[in-house]
Each structure stands twice: as C-alpha cells, then as structure tokens.
Amino acid sequence: MFITTSNILKGITPVIIDGAGINQEPVNLLDSDHSTNYTSAVLTNVDALEVSFGALSAKYVAVSGHNINSNVVSSPEAIQEGNTIEIYDGVTFVARIDSLNRNNVFFFLFESGRAFSNMILKFKNTGQDAAFTISYIAAGDVFEVPNNGEQSGYARNIFGRSTKQAVNENSQAMPIAITKKRSSLRGNLSIPNSPVDLDFEYMHFMDYAELEPFFIIERIGGFIPASTSPVVSERWEPSLGYICYNPQLAIKSHSSTRLLNSVSLRFQCNNGL
C-alpha cells in the first residue's frame, strides 16, 4: 500500500495541446476543489484531450472526479470498449490504462520515481462522441506503508460504493420506492508495529494532508500473463485507488518497546464509483 505525501503540480499552469474546451481554465485541472472542472471539446472517435505539465519528477500521477467512461455502454459485452488514459514523456510512451469501464479514481505508480522532460496526459476517446470533464489531477511523492501495508480486516474501499438507499416497501415487503443518496466512504488504517524512525514521515504526511486531499493505492494479489501461462504475482492496478480527505492521525506508544509505535489513520474517501 502506498499513500501520497505531496502534490508537485500545485502552482503549475498546464497547457492544453489538443481537445481544448471553450472558455475553460486549464488551472482547474489542478484544483482539489471538485466543484471546479475542466471540460474538453466534443471528442470524436480516436480524438484526445491532451495536456502538458512540463518537466517534473514524480512517483505517482492520479486523476479523480472525471466522466471519461460515461459514454460507454454499461454491459459485460462492452467492457473492452472503454476510453483510455495515456502518459507520455514528451513523445515517448510511458503507461496506459485501457478500456475504462468505470469512472474510478485512477492512479499510476512509479515506485522508483520517473523524471519527465515533459509529462503529457492523453485522455483518448475510443467510442461515441463525447466531451470529457475532469476535476483533479495530482502528482508527486509517496510513502509505502510498513509491515506489508494494510492490516487484516482493512476495508478495501477500492470496491466500496458511496450510494446509500432508503427503501419504501408495500405490505408484501416488496420495494415500491427507492431513494438514493451519495456519501463518502470511511477508512481506518492501523499500523500496530510501526518503527519510530517513521514518525517524522507521518508528520510530513499530515503537513500535506491537512491542506490537500491525498490518494491511496493498494497492493493486491493476482495473475499477470506470462509467455506461456499465468504466474502468481502481485500487481499494481492503476484503477485501484481512491482520493482521501479529513485525516485523523494517532500515534501511540507501543506496549512492549520504545522502538515501535502503534499508528492509526482514519479518513473519508471516494473511489469514483
């Protein structure tokens, strides 16, 4: 599990290379206030909203609050017809998320860091004509949660749904009216044996998280295709991230040693679903 600890895009003015919307402000792409957005021109098939951020070094790039998949038919048969997000270093291709079938929070991870001469994001339309709306893009540094990440029983908010329902039933206990309301998910990360050397890492994280939303990406076990057959491995799935806010960090002394602390982090989050 990785948690973001900075956003180096603050203060940058992105440049729209292609797909610019009318009377739109590119700086809205970097505003964590999700009531401000950037909406592209109407993109036909294979067109893209292309955004340049200039030279930078980052370990992650995240995108939240978008409708990039909203024009895709919602059915199992259409799951491979989604749009794509691509990252380039100038003209050099770096990474891609293919076949977007949900409007997740998307997260690219570069564990060793990536130095870009010019980081470019391309939001490509592969389906019917559509205008893309994006609320927030961030990039920067990450912190790897110690002790193999999340504790046993941690709620995997990558799969959560923020929709709650209130149902009216008839006398046969059958639904007659359903009212839906969206609300944030809740996260509670516990690190019971955290080395005291990491205490200042947590302080640095809070300095950032009190001012800006942060992102979490989880490590999951799964299959990665090999040359002849699947091999068991762990992978980083770009779509398995969520944006988090309202952090509450607690660091308590360990019951057995002064070399360890018990750390807990509570937060609200949204995975875009």
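Which residues does Phe215 touch, not counting residues up to four places away in sequence? The legends below take up that question and several others. The model is predicted.

**Figure 1. Overview of the predicted protein.** The protein has 1 helix and 19 strands. It is 273 residues long, and buried residues make up 45% of them. Take the contacts between residues at least 6 apart in sequence: 72% of these join residues at least 24 apart. The structure holds 5 salt bridges.

**Figure 2. Phe215 and its contacts in the largest nonpolar core.** Phe215 touches Phe2, Ile3 and Thr4. Its contacts also include Tyr60, Ala62 and Ser64. Val105, Phe107, Tyr136 and Ala138 touch Phe215 as well. Tyr242 and Ile243 complete the list, which leaves out residues up to four places away in sequence. The largest nonpolar core has 36 residues. Phe215 is among the residues with the most contacts inside this core, together with Leu189, Phe214, Ile216, Tyr242 and Phe267. Helix 1 supplies the largest share of this core, 5 residues. Another core, of 31 residues, lies apart from it. Among the members of that other core are Leu56, Ala95, Phe116 and Met119.

**Figure 3. An open sheet of 5 strands.** The strand order is 2-4-9-6-7, and the pairing is antiparallel. Strand 2 (15–18) and strand 7 (92–97) are the edge strands. Each of these pairs on one side only. From one strand to the next, the twist averages 25°. Strand 2 and strand 4 (residues 48–52) run antiparallel and are joined by 3 bridges. Val15 stands opposite Ser52 in strand 4. Strands of a sheet pair through backbone hydrogen bonds, either parallel or antiparallel.

**Figure 4. Ser52 in strand 4.** Is Ser52 buried or exposed? Its relative accessibility is 10%, so Ser52 counts as buried. The cut-off for buried is under 20%. The side chain of Ser52 makes a polar contact with the side chain of Asn118, at 2.7 Å. Not counting residues up to four places away in sequence, Ser52 touches Pro14, Val15 and Ile17. Under that same count, Ser52 also touches Asn118, Met119 and Ile120.

**Figure 5. Asp89 in strand 6 (residues 84–89).** Asp89 is buried, because its relative accessible area is 12%. What lies 2.7 Å from a polar atom of the Asp89 side chain? The backbone nitrogen of Ser117 does. Ser117 is also on the contact list of Asp89, with Val94, Arg114, Ala115, Phe116 and Asn118. That list does not count residues up to four places away in sequence. Asn118 thus appears in this view as a contact of Asp89 and in the previous one as a contact of Ser52.

**Figure 6. Glu86, Arg96 and Lys124 in one salt-bridge network.** Side chains of opposite charge can pair when their charged atoms come close. Arg96 forms a salt bridge with Glu86, and their closest N and O atoms are 2.8 Å apart. Arg96 lies in strand 7 and Glu86 in strand 6, so the pair ties together parts that are 10 residues apart in sequence. Arg96 counts as partly exposed, at 37% relative accessibility. Glu86 counts as buried, at 3%. The side chain of Glu86 also meets that of Lys124 in a salt bridge (3.8 Å, N to O). Lys124 is in strand 9 (residues 119–124) and Glu86 in strand 6, so this pair ties together parts that are 38 residues apart in sequence. Lys124 is partly exposed, with a relative accessible area of 25%. Shared partners join these salt bridges into one network of Glu86, Arg96 and Lys124.

**Figure 7. The salt bridge of Glu212 with Lys10.** The closest N and O atoms are 3.4 Å apart. Why does the pair tie together parts that are 202 residues apart in sequence? Because Glu212 lies in the loop between helix 1 (199–209) and strand 15 (214–217), and Lys10 in the loop between strand 1 (2–4) and strand 2. Glu212 counts as buried, at 14% relative accessibility. Lys10 counts as partly exposed, at 41%.

Notes: Residues are numbered from 1 along each chain as its sequence is written. This is a predicted model: local features need pLDDT of at least 70, side-chain atom pairs count only at pLDDT 80 or more; totals for chains, interfaces and linings use all residues. Side-chain values use heavy atoms; hydrogens and water are left out. Helices (H or I, at least four residues) and strands (E, at least two) are DSSP runs, numbered from the N terminus. Buried means under 20% relative accessible area, exposed over 50%, partly exposed in between (1.4 Å probe, protein chains only). A polar contact is a pair of N or O atoms within 3.5 Å; within protein, one must be able to donate a hydrogen and the other to accept it, and residues adjacent in sequence count only if both atoms are side-chain atoms. Contact means heavy atoms within 4.5 Å. Two strands pair if DSSP finds at least two bridges between them. Axes are lines fitted to C-alpha atoms, for helices over the stretch in contact, and angles run from 0 to 180 degrees between N-to-C directions. A salt bridge is a side-chain nitrogen of Lys or Arg within 4 Å of a carboxyl oxygen of Asp or Glu. A nonpolar core is a set of buried Ala, Val, Leu, Ile, Met, Phe, Trp, Tyr and Cys residues joined through side-chain atoms within 4.5 Å.
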